[in-house]
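Subject: Structure handover

Hello,

Here is the structure for you to take over. My notes on it follow below.

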Amino acid sequence: MSQSQPETQKNQQPVRRRRTVRTARPQVDLGVLEGLAGFYLRQAQDASFRAFARLSGQHGLKPGRFAALMIIRRNPGISQVALARAIARDKSTVTPLVQEFLEQDLVIRNQSKVDRRSFTLTLTPAGEAVLGELERHATTHDRKIDAIIGKQKTEFIRLLRKIGDHLR
């Protein structure tokens with residue numbers, strides 16, 4: 001009998017054999033991680049971020065870039081400190097991000113009229129264009145997440161917010 005033809009039983013119906021599919025990833029003992037919500041929260045965030053970066057075609061996209069640009073758009077003249085709080089980042093991580101935005105001409109930084117020690121941020125037309133493109137990709141990406149979460153999206157977001165609010 002040929003390798004490509006399935007075996008047949010007495011009633012001449014083909015016998016389907018199950019194939020064992022081996023994955024490239026070996027089984028790993030997760031230990032206590034198996035039951036930790038935070039572990040899976042981080043795994044989901046990483047997977048979501050990588051999928052968004054692939055979708056946007058910006059493989060060098062850094063976490064928080066889209067959020068930071070959106071916050072600056074919605075709050076023109078926002079201080080770097082307020083931006084850091086809004087995206088739940090330390091000031092020390094926001095400074096290089098803002099520097100990158102400045103180098104790419106995505107934002108304008110002006111000295112604050114209220115506090116001369118701080119600076120305010122506003123999007124440039126180039127920043128608006130980049131954000132518009134990222135926003136289109138974010139909408140598509142969110143539809144994919146919606147397909148996974150389904151009707152529980154409102155509850156899911158409520159729980160994520162609750163975690164964020166209580167663990168700050």
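**Aromatic rings**

Phenylalanine 66 has a relative accessible area of 22% and is therefore partly exposed. Please keep in mind throughout that this is a predicted model. The ring of phenylalanine 66 is paired with that of phenylalanine 52: the centres are 5.9 Å apart and the planes stand at 50 degrees, so the pair is classed as tilted. This pair links distant parts of the chain, with phenylalanine 52 in helix α1 (residues 37-56) and phenylalanine 66 in helix α2 (residues 65-74), 14 residues apart. Phenylalanine 52 is buried, because its relative accessible area is 8% and the cut-off for buried is under 20%.

Over the whole structure, the search finds 2 aromatic pairs. Besides the tilted pair there is an edge-to-face one, made by phenylalanine 39 and tyrosine 40, with 5.1 Å from centre to centre and 80 degrees between the planes. Tyrosine 40 is partly exposed, at 35% relative accessibility.

A charge is also placed over a ring: the charged end of arginine 109 sits over phenylalanine 119, 4.8 Å from the ring centre.

**Overall layout**

The protein has 168 residues, and 22% of them are buried. Its secondary structure consists of 6 helices and 3 strands, which follow the pattern α-α-β-α-α-β-β-α-α along the sequence. Of the contacts with a separation of 6 or more, 46% are between residues 24 or more positions apart. The accessible surface is about 13100 Å², and carbon and sulfur atoms account for 53% of that area.

**Salt bridges**

How many salt bridges does a search of the whole structure find? The count is 9. I describe some of them here.

Arginine 73 and glutamate 135 meet through their side chains at 3.0 Å, N to O. Arginine 73 belongs to helix α2 and glutamate 135 to helix α5 (residues 125-149), so this salt bridge ties together parts that are 62 residues apart in sequence. Arginine 73 is partly exposed, at 26% relative accessibility, and glutamate 135 is partly exposed as well, at 29%.

Two other salt bridges lie within a helix. In helix α1, arginine 42 and aspartate 46 are 4 residues apart, about one turn of the helix, and their closest N and O atoms are 3.4 Å apart. Arginine 42 is exposed, with 52% relative accessibility, whereas aspartate 46 is partly exposed, with 24%.

The other is in helix α6, where glutamate 155 and arginine 158 are separated by about one helical turn because they are 3 residues apart. The closest N and O atoms of glutamate 155 and arginine 158 are 2.7 Å apart. Glutamate 155 is partly exposed at 38% relative accessible area, and arginine 158 is partly exposed at 41%. Elsewhere, Arg73, Glu128 and Glu135 are joined into one network by salt bridges that share partners.

**Nonpolar surface patch**

Leu41, Phe156, Ile157, Leu160, Ile163 and Leu167 make up a nonpolar patch on the surface, with a combined accessible area of about 500 Å². Which helix gives the most to the patch? Helix α6 (residues 153-166) does, with 4 residues. Isoleucine 157, a member of the patch, is in helix α6 and counts as partly exposed at 33% relative accessibility.

**Two further residues**

Threonine 120 is located in strand β3 (residues 119-123). Is threonine 120 buried or exposed? At 15% relative accessibility, threonine 120 counts as buried. Leaving aside neighbours within four places in sequence, the contacts of threonine 120 are Gly77, Ile78, Ser79, Ile108, Arg109, Asn110 and Ser112. Among them is Arg109, the residue whose charged end sits over the ring of phenylalanine 119.

Lysine 91 is in helix α4 (residues 91-103). With 52% relative accessibility, lysine 91 counts as exposed, since the cut-off for exposed is over 50%. Not counting residues up to four places away in sequence, lysine 91 touches Val81 and Ala84. The C-alpha atoms of lysine 91 and valine 81 are 6.3 Å apart, and the two residues are 10 apart in sequence.

Regards

Notes: Residues are numbered from 1 along each chain as its sequence is written. This is a predicted model: local features need pLDDT of at least 70, side-chain atom pairs count only at pLDDT 80 or more; totals for chains, interfaces and linings use all residues. Side-chain values use heavy atoms; hydrogens and water are left out. Patches are made of residues with over 30% relative accessible area and no salt bridge: like charges are joined within 9 Å, nonpolar side chains (Val, Leu, Ile, Met, Phe, Trp, Tyr) within 5 Å. Accessible areas come from the Shrake-Rupley method with a 1.4 Å probe; for residues, only the protein chains shown count as cover. A salt bridge is a side-chain nitrogen of Lys or Arg within 4 Å of a carboxyl oxygen of Asp or Glu. Buried means under 20% relative accessible area, exposed over 50%, partly exposed in between (1.4 Å probe, protein chains only). Rings of Phe, Tyr and Trp (its six-membered ring) pair if their centres lie within 6.5 Å; planes under 30 degrees apart count as stacked, over 60 as edge-to-face and the rest as tilted. A charge sits over a ring if NZ of Lys or CZ of Arg is within 6 Å of the ring centre and within 35 degrees of the ring normal. Contact means heavy atoms within 4.5 Å.
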